[in-house]
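Good morning, and thank you for making time for this short presentation. Please look at the structure as it appears, and I shall take its parts in turn.

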Amino acid sequence: MTKKSEPYSFVALVRKRPNSSVQAALWVALTLVVLVFPAFSSVYVVYMACLIGINIIATVGLNLTVGYGGLLSIGHSAFLGVGAYVSGLMWVHLGTPLPVNIIGGAVAAFLVGIAFGVPSLRIKGVYLAIGTLAAQYSLYFIFQQWASVTGGDRGLSLPKLDVFGMGETGFYYVVALLTALLLIAAKNLFRTRIGRAFIAVRERDYAAEVLGIDVVQTKLLAFGLGAAYAGVAGALGGAFLRIVTPDQFTLIVSVFFLAAVVVGGRASILGSILGAVFMTLMPEILQFVLRVVSGGANLAVVIVPLREIIFGGLIVGFLLFEPRGLVGLIERAFGNAETFDSKPEA
Amino acid sequence: MHQFIEYSIIGIASGGIYVLAALGFIIIYKASNVFNFAMGEMMMLGAYFFYLVDKQLGLGWIIGLAGALGLSALLALAIERGLLRPLLGRPPVVLVMVTLGVGSILRGFAGLIWGPDVVQLAEILPRKPLFIGDLLIPGKLAWSFLWVGLLAGAFMVYYRFSKAGLAIRAASSDQATAEGLGINIRGVFSLTWVMGGMLATAAGIVAGSVNGITPQLGLVALNVLAVVMFAGMTSVGGSLIAGLFIGWMETIVGAYLGAAWQNFLPYVVVLLMMIVKPTGLFGEHRIERI
């Protein structure tokens, strides 16, 4: 779709580009809220905040692959699993500190991702989706069956972590810091040649190749980086829940992250934040609503299928009606209605 | 050795289900280039439709079969017209994501309506085992294989010799030219989805009458992807050989190494095929390597 040429009215100008000092003030306010709010809130809220932070990291990672790279990965949770197991094993057996474990998890997830990406990314089309599905099932198989290392179905128990002697709150600050760093890194990636190459390859791979971009390498990097983000999220998640089991990394979890990317908005960092927050809170709200409606009947039977319906419904609904996700809704509310990928493929 | 032959026969017989599901998958992919990740769920839901009409409404298995095929055809049509048609021309990634979402929705509805437990279908296949010499073949499997063979054969004849089959093949080889020659491309899309839905249902009913159905059947049925990769995404004839082969291999591996390997193995095949020969054994050379 072509950009509408709008008259240079003052209102349009303000709507398009919010005042930068206002924006800066908003960022400062947000940082302050993130910093001080654990002091005023319950353990449950801090717990949810950690979970949201971890999910934001994983969602941004998947968005690098799906949104910016235009490559469909449906095995994202398996790479969280790689990160979680590798960092957990490093911790238990080598006793390395948390930052080293997280880096180890990220590197391992990157390498495993590349291993699955190499065969599938060399072929044009949606083969990566099949390759990642293969990753999902084969990695689950390894997590579950290699019991002497991973602990099998009972999982891997991790020791309690005490950061800065602040317990849960200390871990919250670790998550917040890492989330912020990785978000800034992702945002800046698209100001560099590498990040822009992702988009070029997504839009027209032939044209990108003519411009001197190595298409395969770029796709591999877009996929591997997504997996590395997943590895960080998995390592944090394992340390946070203090247990790593195969059932944390199933297909439905991958669909959860895909839904978060689509709901938030593909190819948008802000979108990933919104999507991850929305999707993390959604099951809690659902549980609450169901408890009120049913008055404590047998919820477990209903909640799993309902979650599947809602995840799927959100993916389909947003792709059909608002392909830009929540970010698109917000921008539309501010009068900017340019749509993403609405142009037909040649 | 005797045991090996017995397992082999069981495996090949259970591969018949894969053939049907793979045919449904390939026909949709061939015509509209949509990679349908909801195939397994369409299969699972078709079996539940059969259960609904046959047992829950008590109309008997003949009306049950007709009803299940009708309902699943309607469902497939609704998916195509309602969800995929508006997205025509969008990047393939988007269409694939939609089918993934549809699969999740269908699985959820099945779980909500019929619950997570195994449901047994009516015994429409004779249970009495067959003996070839002193080899024992479970009766249900043998009869299901016969039915699958008949259905797959009928479908292939239809595909090869009918006008609709010709239209599908034309659309798959060149959409623009086919449209220029007066073929209703959108009609072809709808037709292939209806056929895909009905083939999936047939596969689902056969699979369900052997082992019973749960909402998770759809995920197991993702193994069909291995068949499709092996056959080549576009080869109708190839799916026959690939389906039987994957079925055989799965049973052999399951019998000698354990059930966990059974779910894992198809994906090893998928990865190997991607590395060695991404066109599959019989696929067209439509695939581009970069």
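In chain B, the residues Ile246(B), Met249(B), Glu250(B), Val253(B), Gly254(B) and Leu257(B) of α11(B) make contact with a set of residues in α12(B), namely Ala259(B), Trp261(B), Gln262(B), Leu265(B), Pro266(B) and Val269(B). Sorted by class, this contact between α11(B) and α12(B) comprises 9 nonpolar, 2 polar and 1 charged residues. I should state at once that we are looking at a predicted model.

The two helices concerned are α11, residues 236-257 of chain B, and α12, residues 259-276 of chain B; their axes lie 8 Å apart and the packing angle is about 140°. How should that arrangement be described? Angles over 145 degrees would count as roughly antiparallel, and α11(B) and α12(B) are therefore oblique to each other. As to handedness, the crossing of α11(B) and α12(B) is right-handed.

A second pair in chain B is formed by helix α1, residues 2-32, and helix α6, residues 163-173, whose axes come within 7 Å and cross at roughly 55°. These helices, α1(B) and α6(B), are therefore likewise described as oblique to each other. On the α1(B) side the contact involves Ile27(B), Lys30(B) and Ala31(B), and on the α6(B) side Ile168(B), Ala171(B) and Ser172(B). By class, the contact of α1(B) with α6(B) has 4 nonpolar, 1 polar and 1 charged residues.

Remaining with chain B, I turn to a glycine. Gly196(B) is part of helix α8, which covers residues 185-211 of chain B. Is Gly196(B) buried or exposed? There are 30 other C-beta atoms within 10 Å of Gly196(B), so this residue is buried. Which residues does Gly196(B) contact, once its neighbours within four places in sequence are left aside? They are Gly24(B), Phe25(B), Ile27(B), Ile28(B), Asn36(B) and Ala76(B). Of these, Ile27(B) has already appeared, in the contact of α1(B) with α6(B). Gly196(B) may also be set beside Gly15(B): the two are 181 residues apart in sequence, and their C-alpha atoms are 18 Å apart in space.

Let me now move to chain A. This chain has 15 helices and 2 strands. Of its 346 residues, 47% count as buried. Among the contacts in chain A with a separation of 6 or more, 75% are between residues 24 or more positions apart.

Within chain A, α11(A) deserves a closer look. Its 27 residues, at 1.5 Å a residue, should span 39 Å, and the C-alpha atoms at its ends are 39 Å apart, so expectation and model agree. Of those 27 residues, 22 are buried, which means that α11(A) is largely enclosed by the rest of the structure.

What follows α11(A)? The next residue is Arg242(A), with a positive phi near 60°. Most residues other than glycine have a negative phi. Arg242(A) is not a glycine, yet its phi is positive. This arginine sits in the loop between α11 and β2, the latter being residues 243-244 of chain A. With 13 other C-beta atoms within 10 Å, Arg242(A) is partly exposed.

Ala267(A) offers a second case: it is not a glycine, but has a positive phi of about 55°. Ala267(A) belongs to the loop between α12 and α13 of chain A, where α13 covers residues 269-294. Ala267(A) has 23 C-beta neighbours inside 10 Å and so counts as buried.

For an exposed position, consider Val28(A), in helix α2, residues 20-36 of chain A. Val28(A) counts as exposed because it has 10 C-beta neighbours inside 10 Å. From Val28(A) to Ile103(A) the separation is 75 residues in sequence and 29 Å in space, C-alpha to C-alpha.

I close with the two chains together. How many residues of chain A are in contact with chain B? There are 44, and they meet 44 residues of chain B. On the chain A side, the elements giving two or more residues are α5 (98-121), α6 (127-145), α11 (215-241), α12 (251-264) and α14 (299-321). The largest share on that side comes from α14(A), with 14 residues. By class, the side of chain A that touches chain B has 30 nonpolar, 9 polar and 5 charged residues.

Note on methods
Residues are numbered from 1 along each chain as its sequence is written. Chains are lettered from A and ligands numbered from 1 in the order in which they are written. This is a predicted model: local features need pLDDT of at least 70, side-chain atom pairs count only at pLDDT 80 or more; totals for chains, interfaces and linings use all residues. Two residues are in contact if their C-beta atoms, placed from the backbone, lie within 7 Å. Helices (H or I, at least four residues) and strands (E, at least two) are DSSP runs, numbered from the N terminus. Ala, Val, Leu, Ile, Met, Phe, Trp, Tyr, Cys and Pro count as nonpolar, Asp, Glu, Lys and Arg as charged, and the others, Gly among them, as polar. The expected span of a helix is 1.5 Å times one less than its number of residues. A residue is buried if 20 or more other C-beta atoms lie within 10 Å of its own, exposed if 12 or fewer, and partly exposed in between; C-beta atoms are placed from the backbone. Axes are lines fitted to C-alpha atoms, for helices over the stretch in contact, and angles run from 0 to 180 degrees between N-to-C directions. Angles under 35 degrees count as roughly parallel, over 145 as roughly antiparallel, 65 to 115 as roughly perpendicular and the rest as oblique. A crossing is left-handed if the near helix is turned anticlockwise from the far one by less than a right angle, and right-handed if clockwise.
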